[in-house]
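Visitor: I am new to this structure and would like a close look at a single part of it. Please take your time over that one place, and show me what surrounds it.

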Amino acid sequence: MYDLWMLKKLFLLTLVCASLLVPAPGVWAQAQPVAQPTQDSQSATVYITRTGKKYHLAGCRYLKSKIKTTVKEAHANGYAACKVCHPPQ
Ligand SMILES: [Zn+2]
């Protein structure tokens with residue numbers, strides 16, 4: 001009886017450890033390397049709009065009003081990278 005209980009406990013412990021060690025599939029997708037080097041990306045020129053909360057590359061189809069800025073400035077003002085044109089993070 002005692003052995004069975006121990007086995008059950010060990011099995012549950014292993015499951016908990018495995019779920020902690022193995023990241024969710026979404027984490028792997030995010031960990032993919034980015035093309036631009038991180039150092040230069042902060043000073044890269046990007047564009048924001050008057051109304052939106054995202055910053056874009058020149059030529060993005062969501063870029064209606066074109067206000068020139070840098071990635072660093074955009075971040076400082078709470079802008080996030082556009083998911084369509086993928087400007088530097
Ligand atoms: Zn965009």
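Visitor: Where along the chain is C82 found?

Guide: This is a predicted model. C82 is found in the segment after β4.

Start with its surroundings. C82 is buried, because 22 C-beta neighbours sit inside 10 Å, and the cut-off for buried is 20 or more. Not counting residues up to four places away in sequence, C82 touches K54, Y55, H56, C60, Y62 and P87. Take K54 from that list. K54 is 28 residues from C82 along the chain, yet their C-alpha atoms are separated by 5.3 Å.

Now see what C82 belongs to. C82 is part of the largest nonpolar core, which has 9 residues in all. Its companions there are V46, Y47, I48, Y55, L63, V71, A74 and Y79. Two elements, β1 and α4 (71-76), give two or more residues to this core. Strand β1 gives the most, with 3 residues. As a general point, nonpolar side chains in soluble globular proteins tend to be buried together.

L63 is another member of this core. Leaving aside neighbours within four places in sequence, L63 is in contact with Y47, T49 and H56. H56 is also among the residues that C82 touches.

Next, step back to the whole chain. The protein chain has 4 helices and 4 strands. From the N terminus on, the order is α-α-α-β-β-β-α-β. The chain holds 89 residues, and buried residues make up 15% of them. Consider the contacts between residues at least 6 apart in sequence. Of these, 52% join residues at least 24 apart.

The strands come next. The 4 strands form an open sheet, in the order β3-β1-β2-β4. The pairing is mixed. Strands β3 (67-70) and β4 (80-81) stand at the edges, each with a single partner strand, so one side of each has no neighbour in the sheet. In general, the strands of a sheet pair through backbone hydrogen bonds, either parallel or antiparallel.

Look at β1, residues 45-48. Strand β1 runs antiparallel to β3, and 4 bridges join them. Strand β1 is also antiparallel to β2, with 2 bridges between them. A hairpin of 5 residues makes the link from β1 to β2. I48 shows both pairings. I48 stands opposite I67 in β3, and it stands opposite Y55 in β2. I48 and Y55 are both members of the core described above. Y55 is also one of the residues that C82 touches.

Now go to β4, the strand that comes before the segment with C82. A80 has its place in strand β4. A80 counts as partly exposed, because it has 13 C-beta neighbours inside 10 Å. Leaving aside neighbours within four places in sequence, A80 is in contact with K53 and K54. A80 and K54 are 26 residues apart along the chain, with their C-alpha atoms separated by 4.7 Å. K54 is thus a shared contact: A80 is in contact with K54, and C82 touches K54.

Carry on along the segment after β4, and you reach H86. H86 is partly exposed, with 14 other C-beta atoms within 10 Å. Its backbone stands out. Phi of H86 is near 50°, a positive value in a residue other than glycine. Most residues other than glycine have a negative phi. H86 and H56 are 30 residues apart along the chain, and their C-alpha atoms are separated by 7.3 Å.

For contrast, try A58. A58 lies in the loop between β2 (54-56) and β3. A58 is exposed, because 12 other C-beta atoms lie within 10 Å, and the cut-off for exposed is 12 or fewer. A58 and T45 are 13 residues apart in sequence and 8.7 Å apart in space, C-alpha to C-alpha.

Return now to C82. C82 is in the segment after β4, is buried, and belongs to the largest nonpolar core.

Notes
Residues are numbered from 1 along each chain as its sequence is written. This is a predicted model: local features need pLDDT of at least 70, side-chain atom pairs count only at pLDDT 80 or more; totals for chains, interfaces and linings use all residues. Two strands pair if DSSP finds at least two bridges between them. A nonpolar core is a set of buried Ala, Val, Leu, Ile, Met, Phe, Trp, Tyr and Cys residues joined through C-beta atoms within 7 Å. Two residues are in contact if their C-beta atoms, placed from the backbone, lie within 7 Å.
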